[in-house]
Amino acid sequence: MKKFLALVLALIMMFALGSVAFADDAVDMKIAVWTSNEGQLELLNSFVQEFAEKKGITINATFESIAYAEFTTKLLLELQGSDAPDVYWVTETSAPAFIASGNLAVLNDAMAEYDPADFAEGAMSLWKKGDDVYAIPFSTSPFIILYNADLFAQAGVKTPEEYIAEGSWTWETFREVCKQIKDATGVWGFQTVDGAGYTTSVLQNLLPIIRTYGGDAWDADGNVMIDNEGAIEAVQLFHDMVYVDQSVVPPGDESSFYTGAAAMTVSQISRVSNLDEVTWKWGMCTLPGNNPVIGQAAIGAFSRSKNGDLAAELAAYMTNKECVARIAGIWPPARQSVLESEEFLTSNSRITAEQMKDAVAASIASGRVLPAHELYPQISVEAQIAYDKLWNADADVAAVMHEVGDIYRTYVG
Amino acid sequence: MKKREHITRQRRLEALTGYAFVTPQLIGFILLVLIPLINVFIYSFHNKNMLYGTNLYVGLSNYEKLFTGDKLFWKTLGNTFRFSILLVPLNLVLSFLLALYLGERLFGSRYIRTVIFLPVVTSGVAWAIVWKYLLQSGTAGPINYFLSKVGITGPNWLTDKNWAMISVVINRVLKNLGTNVLIFLGAVMNMPQDVIEAARLDGANEWAVIRRIKLPLLMPTVLMVTIVTMIGSMRVFDTIRLMTDGGPEGSTMVLVYYIYHQAFKMFNTGYASAIAVILFIIVLLLTILQWTLRKKVSHYEDA
């Protein structure tokens, strides 16, 4: 009898718990991102909660932080499974493949209230196919120069701002400055972007120079321009900096700008927080020639999400003007109205309004994203083997660039 | 009659206990090894792509592409053998000599044993990252810095295509030497001392003792260690991933890393599976070869 009573009691409790769960018809949303910064995640979650309030529903949002290096791989594995994210970030290099694979929902209806004219020119091109929008960029972060002002002063070199004012901030000047600093202080003049400019970030490193000299990876019509005369001249210039001037942190050397071991580096404003602890004065400016690479990231909704249209609406909501304005200090937006606003210029407490205007906004205006292709991962692995041949003192730059060009041509155009 | 029944009953019970013990391991093996392994064979005949979700039967076309259209695969295959051919002898000779030395229980051997075994229990990731710093180019890396102090200009250990493979091999040998030393040491300790004594009394010098007595006695262990080290060398991944990323110029791209590239960077799961099948066959052939040799070479093994 006791057993029976206990059983009945247990059943009643189970039902009670069950009905609580039923009464609470909250929507579960899983959102995959590559930031793990708590402040940033809180901000993103507040967008979700505002969206829920506007819709009059409850959303239990789970943010899943996947490291950037493994983001696409892990995301794809999850999309095959039963616990796939409803909304997720997409990197620029995987954009064409994600669109072609049908993993992204069309957002046209969800973004009915958008003002298309507000987006910077070309900002949407990567994320559209025909008239359909598959993801919306929330970050259009240009690569800018960070420099160690103390080292410039120590070497008796003019600051980049002074060169810019003179109109002489060219790659030739840049080369000269690096050499002067190296000769005067013994410290490296330049560290490539994250120290990965010879390997995984070879294009981020070389394209700003190549584009200034009239080359490119390939253009919109599929013409490969990585081995034209300008491109070869540009790569030769950088090669000479590394091997003739020996003013750039060379391959295999882990010396870092952030620890004071190099006078300049290429970076993005989300990385400026790395400088909180440094004791030296630092500055920020546009890249020489002002042809920076822009790193784009977008938000999209999973095409087979259980929450269907709601996921698409959330993706659109998180990139509307109000939300984008609030994250602009971390991830500069592609929206003209936000970029031109006073709030944007003062949105990052570590960066002055002048720097935001002269370096960041100016770079967004002139920069371009990396080339995109459906088979980008394949192309980059094959091209890397050829690019590696550049990093010897006696490398034949023209021959290597032609080899890279031939690899590009087998896929592009 | 009754007694016999009792025995079979007991046997059955014993067998049942045995099965109960192996079941957890067996379930793990079936779920995590056998089924994926069979799947790899099936995938290798499909153009399975993780990004597009395609999974079409394409017969032997993955293999056709491997053998006729993929230059990188052949380069990778060559690199894998180069890696093993450099690593296995170096590892074996060093660990064998060290074991002989430690077996003599000479001065300091306890400390040396600890030092040699320490890398084995160190995390592979931490080990590789620290070594990447030690092996920096110029004089930025501590190793090249010390070399420069004695007048040697150290090479670009990890970014020179002529040195990268050697650096990775030396690194792996240092990391895993301890395991083999331990196995050899066990065998050295168990050698019948009377035979060695007899040889010495007969006037054999130390080299003759090692070559004529100790080495033949240790042959079964040598073969076993060769098999294990060889197969282990085919599976190198973390060191390559963290130290060279397969470069420069693909000079350290080995089969396992190429499988990772194809499967998880390019998402060609089907094609990656075909490479995995080739690797499986290579390891299988090596194992068969070595087991055949084992029967021919080692006369002292207990049957």
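This briefing covers the fold, cores, domains and chain contact of a predicted model. Chain A has 413 residues, of which 46% are buried. Chain A is divided into two domains, each built from two sequence segments. The largest nonpolar core lies between those domains, since both give residues to this core. Chain A also touches chain B, with 20 residues from chain A and 23 residues from chain B in the contact.

**Overall form of chain A**

- The secondary structure of chain A comes to 16 helices and 12 strands.
- The C-alpha trace of chain A spans about 90 × 50 × 50 Å along its principal axes.
- Long-range contacts weigh heavily in the count: of the contacts in chain A between residues at least 6 apart in sequence, 74% join residues at least 24 apart.

**Two domains and their contact**

- Domain 1 of chain A takes in 25-142 + 295-366, and domain 2 takes in 144-291 + 375-411.
- The C-alpha centres of these two domains of chain A lie 29 Å apart.
- Their contact pairs 17 residues of domain 1 of chain A with 12 residues of domain 2 of chain A.
- On the domain 1 side, the elements that give two or more residues are β6 (136-142) and α14 (353-366) of chain A.
- Of these, α14(A) gives the most to that side, with six residues.
- By class, the domain 1 side has nine nonpolar, seven polar and one charged residues.

**Nonpolar cores**

- The largest nonpolar core has 128 residues.
- Within this core, the residues with the most contacts are A:L107, A:I136, A:V235 and A:A315.
- Domain 1 and domain 2 of chain A both contribute residues, so the core lies between them.
- What does A:A315 touch, leaving aside its neighbours within four places in sequence? A:A315 is in contact with A:V87, A:L107, A:A110, A:I136, A:I299, A:G300 and A:A301.
- Two of the core residues named above, A:L107 and A:I136, are thus listed among the contacts of A:A315.
- A second, separate core has 32 residues, including B:V173, B:M253, B:Y271 and B:I275.

**The four-stranded sheet**

- Four strands of chain A form an open sheet in the order β8-β9-β7-β10, with mixed pairing.
- The edge strands are β8 (188-191) and β10 (282-285) of chain A, and each pairs on one side only.
- From one strand to the next, the twist averages 20°.
- Strands β7 (residues 144-148) and β9 (residues 262-267) of chain A run antiparallel, joined by four bridges.
- Across this pair, A:I145 in chain A stands opposite A:V266 in β9(A).
- Helix α7 (residues 171-185) of chain A packs on the sheet and touches β8 and β9 of chain A.
- The direction of α7 makes about 130° with that of β8(A).

**The β1-β2 pair**

- Is strand β1 (residues 27-33) of chain A enclosed or open, and why? Five of its seven residues are buried, so β1 is largely enclosed by the rest of the structure.
- Seven bridges join β1(A) to strand β2 (residues 59-65) of chain A, and the two strands run parallel.
- One bridge partner pair is A:V27 with A:I59 in β2(A).
- Strands of a sheet pair through backbone hydrogen bonds, either parallel or antiparallel.

**Contact between chain A and chain B**

- The contact draws 20 residues from chain A and 23 residues from chain B.
- On the chain A side, α3 (71-80), α4 (95-101) and α15 (376-387) of chain A are the elements that give two or more residues.
- The largest share of that side, five residues, comes from α15(A).
- The chain A side divides into eight nonpolar, eight polar and four charged residues.

**Positive phi outside glycine**

- A:Q246 has phi near 50°, a positive value in a residue other than glycine.
- A:Q246 lies in the loop between α9 (229-245) and β9 of chain A.
- With 17 other C-beta atoms within 10 Å, A:Q246 is partly exposed.
- B:E249 is not a glycine, yet it has a positive phi of about 55°.
- B:E249 lies in the loop between α10 (238-243) and α11 (255-265) of chain B.
- B:E249 is partly exposed, with 19 other C-beta atoms within 10 Å.

Conventions
Residues are numbered from 1 along each chain as its sequence is written. Chains are lettered from A and ligands numbered from 1 in the order in which they are written. This is a predicted model: local features need pLDDT of at least 70, side-chain atom pairs count only at pLDDT 80 or more; totals for chains, interfaces and linings use all residues. Two residues are in contact if their C-beta atoms, placed from the backbone, lie within 7 Å. Ala, Val, Leu, Ile, Met, Phe, Trp, Tyr, Cys and Pro count as nonpolar, Asp, Glu, Lys and Arg as charged, and the others, Gly among them, as polar. A nonpolar core is a set of buried Ala, Val, Leu, Ile, Met, Phe, Trp, Tyr and Cys residues joined through C-beta atoms within 7 Å. A residue is buried if 20 or more other C-beta atoms lie within 10 Å of its own, exposed if 12 or fewer, and partly exposed in between; C-beta atoms are placed from the backbone. Domain bounds come from an automatic or database domain assignment. Two strands pair if DSSP finds at least two bridges between them. Axes are lines fitted to C-alpha atoms, for helices over the stretch in contact, and angles run from 0 to 180 degrees between N-to-C directions.
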